[in-house]
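Here are my notes on the model you passed along, written as numbered points. Have the structure open while you go through them.

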Amino acid sequence: MIRVLLVHDVRILRCALATLVGKEPDIEIDGASWKDAVRSARTRSADVCVVDADVMGRSPLDELASRTRSGGREREPARLLVLVSQDCPGALRRALDAGARGFVCKDALPEQLVTGIRRVAAGERFVDNALANTLLRASEVPLSRRELTVLSAAAEGAPVTEIARRLGLSTGTVRNYMSAITRKTGARNRVDAIRISQGAGWL
């Protein structure tokens, strides 16, 4: 039996996907919001964790992807399989940097997601054919995963102090990241960097 943890903040979508995938006789699926994702990953021994890549910039992905503990014994975390939009190479880049092993297009049929889950659970890599061009574009994103996370928070309107609190960084470090982002994107300022990055699909 393949045990799957589905992480999505929109309950109706989470429940619908869980119902569709849960019909498969070899798959057992549980759902969780991003708020409960890390705790659920620790308490539920999943083989595959399915997440929405478009919200990774404001999620505890680093902790979710790291080694977790169960019953006092260290165990490998669930393998990550992400749902990605074709026009979001930045989200795919963050997922790649986080060690995701599977990528399914959000426009794909449910059967494609089931195939991806089975392949990733078997220790293989899986890339939806519809994401081939997005994958190529992801390699051209000039920002690191951390820089994308910082810029995503800035795009939500979070000030430097709030970004620092969210990510456990000093305000000086966040400002350094913003300076690097501005330089790498060729922007004039933070607002311009957000505009350029959103236009390119990096955010």
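The points below start with the whole chain, then take two buried residues, and end with two helix pairs.

1. First, a reminder that we are looking at a predicted model. The secondary structure of the protein chain comes to ten helices and eight strands. Of its 203 residues, 45% are buried.

2. On the surface side, the chain exposes about 10200 Å². Carbon and sulfur atoms supply 48% of that area. As for how the chain folds back on itself, take the contacts between residues at least 6 apart in sequence: 65% of these join residues at least 24 apart.

3. Ile117 is a good residue to click on. You will find it in helix α5, which covers residues 110–121. Is Ile117 buried or exposed? Its relative accessible area is 1%, so Ile117 counts as buried. Setting aside residues up to four places away in sequence, Ile117 touches Ile2, Val4, Val21, Ile27, Val48, Val50 and Leu81. With Leu81, the partners are 36 residues apart along the chain, yet their C-alpha atoms are separated by 7.2 Å.

4. Next, have a look at Asp52. This residue belongs to strand β3, residues 48–52. With 6% relative accessibility, Asp52 is classed as buried, because the cut-off for that label is under 20%. Which residues does Asp52 contact, once neighbours within four places in sequence are left aside? They are Val7, His8, Trp34, Leu83 and Lys106. Lys106 sits 54 residues from Asp52 along the chain, and the C-alpha atoms of these two are 8.9 Å apart.

5. Now the helix pairs. Two packed helices are described by the angle between their axes and the distance between the axes. Helix α7 (residues 145–155) packs with helix α8 (residues 160–167) at about 130 degrees, and their axes are 10 Å apart. That angle makes α7 oblique to α8. The handedness of this crossing is right-handed.

6. Who meets whom in that pair? From α7 come Arg146, Thr149, Val150, Ala153 and Ala154, and from α8 come Ile163, Arg166 and Leu167. By class, this contact of α7 with α8 has five nonpolar residues, one polar and two charged.

7. The other pair is α9 (residues 171–185) with α10 (residues 190–200). Their axes come within 9 Å and cross at roughly 55 degrees. So α9 is oblique to α10. The crossing of α9 and α10 is left-handed, whereas that of α7 and α8 is right-handed.

8. On the α9 side of the contact are Met178, Ile181, Thr182 and Thr185, which meet Arg190, Ala193, Ile196 and Ser197 in α10. The class split for α9 with α10 is four nonpolar, three polar and one charged.

9. One last residue from that contact: what is the relative accessible area of Thr182? The value is 17%, so Thr182 counts as buried, given the cut-off of under 20%. Thr182 lies in α9. Not counting residues up to four places away in sequence, Thr182 touches Ala187, Arg188, Asn189 and Arg190. Of these, Arg190 also appears among the α10 residues in the contact with α9.

Terms used. Residues are numbered from 1 along each chain as its sequence is written. This is a predicted model: local features need pLDDT of at least 70, side-chain atom pairs count only at pLDDT 80 or more; totals for chains, interfaces and linings use all residues. Side-chain values use heavy atoms; hydrogens and water are left out. Axes are lines fitted to C-alpha atoms, for helices over the stretch in contact, and angles run from 0 to 180 degrees between N-to-C directions. Helices (H or I, at least four residues) and strands (E, at least two) are DSSP runs, numbered from the N terminus. Angles under 35 degrees count as roughly parallel, over 145 as roughly antiparallel, 65 to 115 as roughly perpendicular and the rest as oblique. A crossing is left-handed if the near helix is turned anticlockwise from the far one by less than a right angle, and right-handed if clockwise. Contact means heavy atoms within 4.5 Å. Ala, Val, Leu, Ile, Met, Phe, Trp, Tyr, Cys and Pro count as nonpolar, Asp, Glu, Lys and Arg as charged, and the others, Gly among them, as polar. Buried means under 20% relative accessible area, exposed over 50%, partly exposed in between (1.4 Å probe, protein chains only). Accessible areas come from the Shrake-Rupley method with a 1.4 Å probe; for residues, only the protein chains shown count as cover.
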